[in-house]
Structure formats: structure tokens, C-alpha cells
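Work through the following exercises with the sequence and the model open side by side, and attempt each task before reading its solution.

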Amino acid sequence: MKNYILQILFLTISLTGFSQTKTIESDLMDLKMNVGDTFTPSSYVMSSDGSTTSCDNMIYYNKQGVFSTAKSIQVDNESGKIIANQPGLHEVVAVCITEGGKRFSRTFVVDVQFPAVKEIKISLDSDKVYEGTYIPISYEVIDEMGFVRENVNFSIKSSNSNLVVDDVNNIKAVKSGNVTLNATYEGITGTLNLDVLKNPVEYIELSSNADQARTGDVIQLKAEAYNKKGQVLSNIPFEFSFKGKSFDKSNTASGLIMNDGRFVADVSGNYLVTASLGNVSVSKALNIYERNVKRDVVKVGTGLVNDKHTSDFWVFEGVDGRDYAVTGTWGADGTSYFWDVTDPSNILKIDSVQVDARTVNDVKVSEDGKIAIISREGASNRKNGIIIIDVTNPRDVKIISEYTKNLTGGVHNLFIYQDHVYALSAGQKYYILNIEDPVNPIEVGMFELGKEGQAIHDVWIEDGIAYSSNWRDGVYMVDVGNGIAGGSPSNPVAFGNYNYASGAHHATYPFKSKSTGKFYTVLGDEIFPNGIDVNAPNETAGFLHFVDFTDVDNPVEIARYELPGHGSHNYWIEDDILYVAMYSGGVRVVDISGDLMGDLYKQGREIGYILPGDKDGYIPFATMSWGAQLYKGHVFYSDWNSGIGAAKVMPVKPDNSKVNQYLN
Amino acid sequence: MRLLLFFTAFLISNSAFSQNYYLYVAAESDDMVSLLRFDGSELIEEERFEVGVMPTEIEGPHGITVDPNGKYWYLSLAHGSPYGTLTKYSTETNKPISSTKLGLFPATMQISEATGLLYCVNFNLHGEMKPSTVSVVDPEIMVEIKQITTGAMPHGSRISSDGLYQYSVAMMSGELFEIDAISLKVKRKLNLEKMNMMSSGNHQMNGNHSMKMSHSMVQPTWVIPHPSKKIAYVAGNGSNEIIEVNLDDWVISKRINVGKGPYNVEISPNGKYLVATLKGEGSTGIWDLEDLTKNKVLKNTTMVSHGIAISSDSKYAFISVEGIGGEPGKVDVIDLKNMYLKSSVDVGKQAGGIAFWKISD
């Protein structure tokens, strides 16, 4: 027994010895540096018994990785030498590699200290400040090295009681007279001298271009202020607000009002819009009724493809005057199908071509209906590129040529316009090919952003302008023959750009509103929040961004179409109606007439929809709509799981409900 | 006692027969990875799982490797916007754990047993003919810690058996690179072209790696260092040869003419067999490294032979075969000792990256 206990004791001691923990100790611990400093660390290994050894193979690195975002500090992997480029807290990892591949690591936080604050700039975002109003102020904190400090928590004080500053630094002018505003941070104070004016407004008159409207209609309010003498006051910074009560007692009135007096309601009900300056205000009642644009959308016919996924499609008039379509396939065997869609209720598969590819993601047809182009991804020889097809007889299509130069990385999307093909290359740029001789396409141009990490998803041409969808870099408008910027296919010239925060910009459709004359680009997201399952329905997200590009140099995002729970894909706009494939949300038809502002879905602008999911589909009953195209009065669409189809938006039914009896 | 001996012998023999070989294979045109099991006679697809994040984009899983302790497997997704991704998966659940961005078209990779770091070539297959990089990743926290510039279209990342050196070849600049796995610097590079073989121009690299590029005629696509000798073998995809490189002297010691388009090349862990896929003819070659005259070329079950994974007991080679168009990819099992095709199984389209995981009961 005694021996047994001794053995246990011995074993315990030995195990303790073997399990002795080792840590990296380094003068990186609690290291503080200034911008521009360099520091070479000295590190060693300490065992839990306090003994120390050097580490022959130490590797250091910046925990942010090697991308451009990580250049705030540079770390030499071998020596650990750090160059501090930007202030902030940074993490440096030290990894000690010992014999036999055993390794241990430790992360050290390096504090690159902010340079001392040099200047605080305060500016007033308004011409005048009136008693009783909140003051719009902007701040900029600049340090001695010229860095602009973000998220600074100022101490803001007023020199007298003319201003009141609340706990979260909102500033209200409460009395007229001169006052100095002091914003202090790290001992540096910025000042702004203000003259709070007595509120000159005796009363306000508020008018609007309509007293009643439909949800989604943008109402323009006009406020005019008058003094005691009844004189009109100019340049008054009115504050507009609204409240409302929905007709539907279980719903909440909602809408959007802008500082320029535009108001739009999402929900029908009674609204009260208010214009105010300080304690003088005036309200006006508005009655908002249902938009009432709902129409039946009915499925007319289907060309079922259920042994493979369907990708993009194009409907066109053939040289014989009949109507045809071409569809691509995804993750399959490189097949494209040709269809006779002259009778949308009887869509007939009439021919197909199979090329060396797994995915034919995009298909397009020339304006004269003679040439089809299809994209290739997953070619067995990895050359991919595009295929040009003679479709003068869609019942017997013939491959004319294959073009792969500079397109080996796969062509995800393409476009055909005036004898030129615009083909994406490896998701980074697009090439422009002259196909006047389709047997011998000639590369004549190329467009890329020229940025590190440039990426592109789609290109669409209209009126000599190429609209490329560049993920996080947004839309680029490129003159390829329009003349607006002197461009041509061989000399594409970018002249407009807009991007937005999500970075998911996937498709663009240019849209000139018939009802307003305004010019928009409609920018679509593509987002799969939960990744993928190709054999089951997927969750999709993202929406369409409406960007007013009437002033090309100053684009303004003004509205969105977001279908809750479903993300956007490809779409078509004609006669102020949007036809959009919303993946799992099916094909949606949306009224986008009139001025646009706010959330178009909430405004009841949706006319109708269909869900193309088919019981015999690739995934039964699963809708995954890919694209939509209005053609000769029918809404054609492709669906990932069911092929091609056609739908019809039915005429407006007589409205006998009297709901809109107060409207003209 | 005799009964006990008999029972023990029965157990041993039974366990030998019930050994299973597990491996992973990626299907580049399906965004799928399959877990395969080979029981000594039949290869079975145990499970198939989707990879990537965008259902309507082919993200192209290309390279796959299992870490030395078998707990995790790593997958490179070639296509991104535009950079590719490396994702770490648990072998227990086959669920992703974390990801990091790499360079353009990340492809082959391996983890060094000496450093624990992962070295992945950024193939940049469809980019301009300019030097690309090898990404070094700390797989513990999935951070890319360095990109080391090598040649044009680097491919075939393999680590020396001591874990101290990483080898890759540059397909379009026709070079072999040796990287010090600890200093993370290129230690040596070797021109693999035959004399006067370059297609045009000079082939020079200065200190900052700017390069006047000409296309390699050898077009090397893979390199494998011998497990116990200071030799490496390179697949000359363009020149239809296996190139033997003496790592001590850093010279080409032998050029072995093989079939059309050798693509991947591996050596069995016991150092006895050299296996090369012959992509251009849809076959796999096997050579006895002690006597190269003992060799055999076996036709694969479909076209476009791609990757090789050899079992840790050196008995079997598992070959991924891409197939064409809508065909399924295949994995073929070759009995190395007897040099014959033993079994095959369908997997996803364009089967490519393949990695041996474990032998288990």
C-alpha cells in the first residue's frame, strides 16, 4: 500500500512537471508608443516555476492581418519591430515555436497614443439661430499630427444662460443675445460665438400641394413665416414634423418628412403635419388613403426546367417576327435552352446548346434578334470566356465562335449592345469586344476601377452608358458611346459613381421616370445572411436603393424597395412600373410612379406578385426567382428552381368600395 | 490460455480488416465538400456538405488540408470579390469555425508541423502574369500574418517533413521556390526551364521581385519534397515530365518523361512510391522510387485527373478526377503495392482538392 501511494505521488509530481505552463513575457506588455515611433521587442519564455529561456524561433504579427486595413501598425515577423502609423489600440501576437512543433503564443495590446489635440473646430449648420430652437452644430477635433479624432466626448459649456446644454450635449437657444459656446477636450477648447436672435415669427402659414393623397404620394409642404407687421420673413429654418392616426386601429401611422417640407405617408390615416420655429408653430391636417394599386398577377405559362438550376434569361423577337427566349443553367452541364414564347401560355422548348461549362450564368440577345451571347464558368479547361451563337433560326441555333482571351477567370455576367459585347472578367473588370464579325471578335476596350481589391458583379448598357455594379464601390456610370464624357467602346470614360454602406451592390437598372422626368439608378443588393443550401430554400436579404441621379455630380439616395424576409436579385423597369425578382419572395410588380421617397414597400406601392415555385421544380415548391422582363405585355421571369415562366398583370378591377371617393 | 491467445489473435485480425480510411475532397464547380470512407474494398461517400456563402455564385473550393492533429480541416475558396477565403472546419462536426481573406485565387496549402502555421499559395490563375504570393496564416486564430511574394501563378504548396521549409512552384514563371517556414522569407528559387526553353525574353527577378515575365514551357504545377531524402519532385505540366531536384545542391538532378500533363505529384509517407496525376490523359502514374522502371499508368474513371491523397500507411492513393461539364467528379482508390484501381465513387462536379484525414476502426 505504501509503495502504491509513493507511486501515485511520483506520478503526480511528474505529471505536474510535464504540464508546467509556459508563457511569453515581453516588453510589449503595456507598451505605449507615439505615432511614427519604432520599437523592437525583447521577449522570452517563462515557465510556471519562474525559470526563463529564450525563444529561438519567435514570430510576431499584427492581429489585424496583412490587408490594407491593418497598416495602422507594421510588424516585422522576424524581429518584431513595430512601426506605429496610426493612433489607437492595436494587437501584436508573439508566437514561440519550439522543437517538435510545440508552440505557444500571446497577444499584446500596443497603445499608440493619440497625439495631443491641437484644435477643435465648431461650426454652425444654419445661417441663423433663433430663440427656442435646437442648434445644429458640427465639431472637428484635429490633433498635432493632423489626425481627425472620432467619437469624442466633449465637455460643452455656454458662456451664459442664453443656451441650455443637456446631458447628451443637445443645445437649445432659450434667450436672445450674444453667447459663446465652448467645447473642451483634453484641455483644448474650441469656441463659437453666436447671436441668438429673438424669434421674429408671429405666425406661420402652412400650405401644401394636396390636402389628401395616397400612401406613397410625396406631398410638398410650404411654410411661410410672418412678423408682427404681417410681413413675410425669408430664410427661416423651419422644423417639420408630423403625427398621425391610422384608419386601421391595429396599425401605426408612419411616414417620412424632410426638412425641405416633403412628406410621404406609409399608412392610410389622418395626419397632422407641423412647421415650427421655436414656440411658434402651425399644423395642417392631411388625409391619406390607401394607394389602392393592387391588381391580380396571374401565371400564364411555364417552361419547366427541373433537372438543373436555371439562371438568367432574355426574351426577344426573332427575325421571323415570332417571340423567343433563351435561358441559362447554373451548376450543371453548360446547357442553354431556347424557347418559343410567342404564346406565353404555351412556352415551348425548341432547341438547346451545351458548352464546356458548369454554369451559364448570363445570356443576352442582340437588338436585331440574330446573335445570342452566353457566359461560361467552370469550363473543364479553365478557359471559360463567352460563346457567340447564331439565333436567326432559334429552332436550330448554331455556335459561331468561342472567345476566351482575358476571360479565363470566368464570365459571370455580360451584355450585348450595338455590335459590342461587354463581358466581365474574373469578377474584377469588364472587357469590350467588337463582334461586327462574330466569327472573329476583337477586344477593343476594357474598364476597371484600378483600385486594390476591385470587384464587379454586373454590367448593363443603355443609351451608350455602361452601368457597372461594383459591390462595395457601388455603381459606376461609364460613357461607352453616349458622348456625355467623350467615351466610346474603345475608350470607356467613367463620369458618375454612387456607393452605399452595405457594400452588396449587385445589379443596376437606369430609370427615367415618365411621371416626373427625374433620372434614377436603381441599385440592388445581393445578400445571403445565412449562407447556402442548394437543395433547400434559402434565406435572402437586401433591397433596391433608388438613387436620384438627375444631377450626376450629386446623386442622392431617396427611397428603397425592401420586401421583408426576401432579398433582391434582377429586375426590369418600364412605364414607371418595377418588375423585380426577389429570390424567395417571387416576382413582384411595384408602382414607382410619381416622386419617390422613403420605403416604397411600406407605402403599399406593390401592385401584385407571383411565387413561381412549382411542385415539379428542381426543389419542389421552392421559389427562387432570378430575373424579370416585361415583354409585349407579359411579365417573363426565370426561376432557379422552375425554369422560365410568363405572368400577366391583370387590368384594374372596378372599385366599388368607395374607399377613394374623396379622391379625384 | 490457448483460448485467450486465439481470442486476442481474432481481435487483432478483425480490427485489421475493419480499418477505415477517411478523407475529404472538394468539388470546385459545385461548392461542395465530401467526406469519404474507404473500408479496404469500397470507397463510400459518407457525407456531402455545402461550402461558401453565396448560393448563386460559384466560389470554387480548390485547396483542402487537414491539420496534423486531425481536429480541423481547412478549405480555400478561390473566388471572392475579388479575394478568396480560407475557412477552418471542425472534423468532428464538419461545421465552419472561422474564416480569413487571403489573396487572389487561394489554392493549395499545408500546415507545418514545426511552426503550426498554414502556407497557402495565391494561385491568381486568371490574373495578369505577375508575381503572386504565398499567404501564411496562423490557423489558431485564423489571421493571415504575411503574404510572401514568389512567382507568377504559384501552386502546389508542400512542406518538408521537418516542417522547416515550404515549397511551391510558379506555373507561369517556371520556378521552384523554397521559403523558410520560420523567417517567412524566400530562401532559394530555382529556374526549372530546360536550356533555351523559355518562350520569349529573359527571365529575371530583381530584389524587389519586379519581373520581366515570359511564359514557362515547363509550367510546373506541383512540388513534393521527399519524406526522408533531400530531394523534391516537380510536376512539369507543360513539358510532360517529373523533375527531380536535389535540395542539397539546389539543382535539377533528373528529368523523367511521363504522360500528358502531369498535374499533382505526391510521395507515399514511407518514401517508396511516387504518384502523379496525368491531367491531360485522365490517368495516374505510379513509380517505385527505388526502381523507376517499376511503374504503371492507370486510367482514371473519368477525365481530368487532379489531386492525390496518400494514406498514412502508404497503402492507398486516392485520386480526385474532375470530369467534364455536368459529369460528377470522381475519387479513385489505387492499391499502391499492386498498382491497380481498387474502387471509385462519385462526388461533386470538378473534384479537385483532396486531403487524407485518418485511419480509424
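**Exercise 1: Domains of chain A**

Chain A is divided into domain 1 (23-113), domain 2 (117-197), domain 3 (206-289) and domain 4 (297-649), with bounds that come from an automatic or database domain assignment. Residues are numbered from 1 along each chain as its sequence is written, while chains are lettered from A and ligands numbered from 1 in the order in which they are written. This is a predicted model, in which local features need pLDDT of at least 70 and side-chain atom pairs count only at pLDDT 80 or more, whereas totals for chains, interfaces and linings use all residues.

Task: describe how domain 2 of chain A meets domain 3 of chain A.

Solution. Begin with the C-alpha centres of the two domains, domain 2 of chain A and domain 3 of chain A, which lie 30 Å apart. Then take the contacts, where two residues count if their C-beta atoms, placed from the backbone, lie within 7 Å: six residues of domain 2 of chain A touch five residues of domain 3 of chain A. Finally, sort the domain 2 side of chain A by class, which gives one nonpolar, three polar and two charged residues. Here Ala, Val, Leu, Ile, Met, Phe, Trp, Tyr, Cys and Pro count as nonpolar, Asp, Glu, Lys and Arg as charged, and the others, Gly among them, as polar.

**Exercise 2: Confidence and the interface**

Task: state the confidence in chain B, and find which strand of chain B gives the most residues to the side that touches chain A.

Solution. The pLDDT, the predictor's confidence in each residue from 0 to 100, averages 90 over chain B, and 90% of the residues score at least 70. Over residues 196-212 of chain B, however, the pLDDT is below 50, and this stretch has 24 contacts in the model beyond near neighbours in sequence. For the complex, the predictor gives an ipTM of 0.85 and a pTM of 0.87.

The contact between the chains takes 38 residues from chain B and 43 residues from chain A. Strands S7 (96-101) and S11 (143-149) of chain B are the elements that give two or more residues to the chain B side, strands being DSSP runs of E with at least two residues, numbered from the N terminus. The most comes from S11(B), with five residues. By class, the chain B side divides into 14 nonpolar, 14 polar and ten charged residues.

**Exercise 3: Unusual backbone in chain B**

Task: locate the cis peptide bond at B:Pro82, and decide whether B:Asn240 and B:Gln350 are buried or partly exposed.

Solution. Recall that most residues other than glycine have a negative phi, and most peptide bonds are trans. The cis bond joins B:Ser81 and B:Pro82, with omega about -5°, and B:Pro82 sits in the loop between strand S5 (72-77) and strand S6 (85-90) of chain B.

B:Asn240 is not a glycine, yet has a positive phi of about 55°; its loop lies between strand S19 (231-236) and strand S20 (241-246) of chain B. B:Gln350, likewise not a glycine, has a positive phi of about 60° and belongs to the loop between strand S29 (340-347) and strand S30 (351-360) of chain B.

A residue is buried if 20 or more other C-beta atoms, placed from the backbone, lie within 10 Å of its own, exposed if 12 or fewer, and partly exposed in between. With 19 other C-beta atoms within 10 Å, B:Asn240 is therefore partly exposed, whereas B:Gln350, with 31 within 10 Å, is buried.

Methods. Helices (H or I, at least four residues) and strands (E, at least two) are DSSP runs, numbered from the N terminus.
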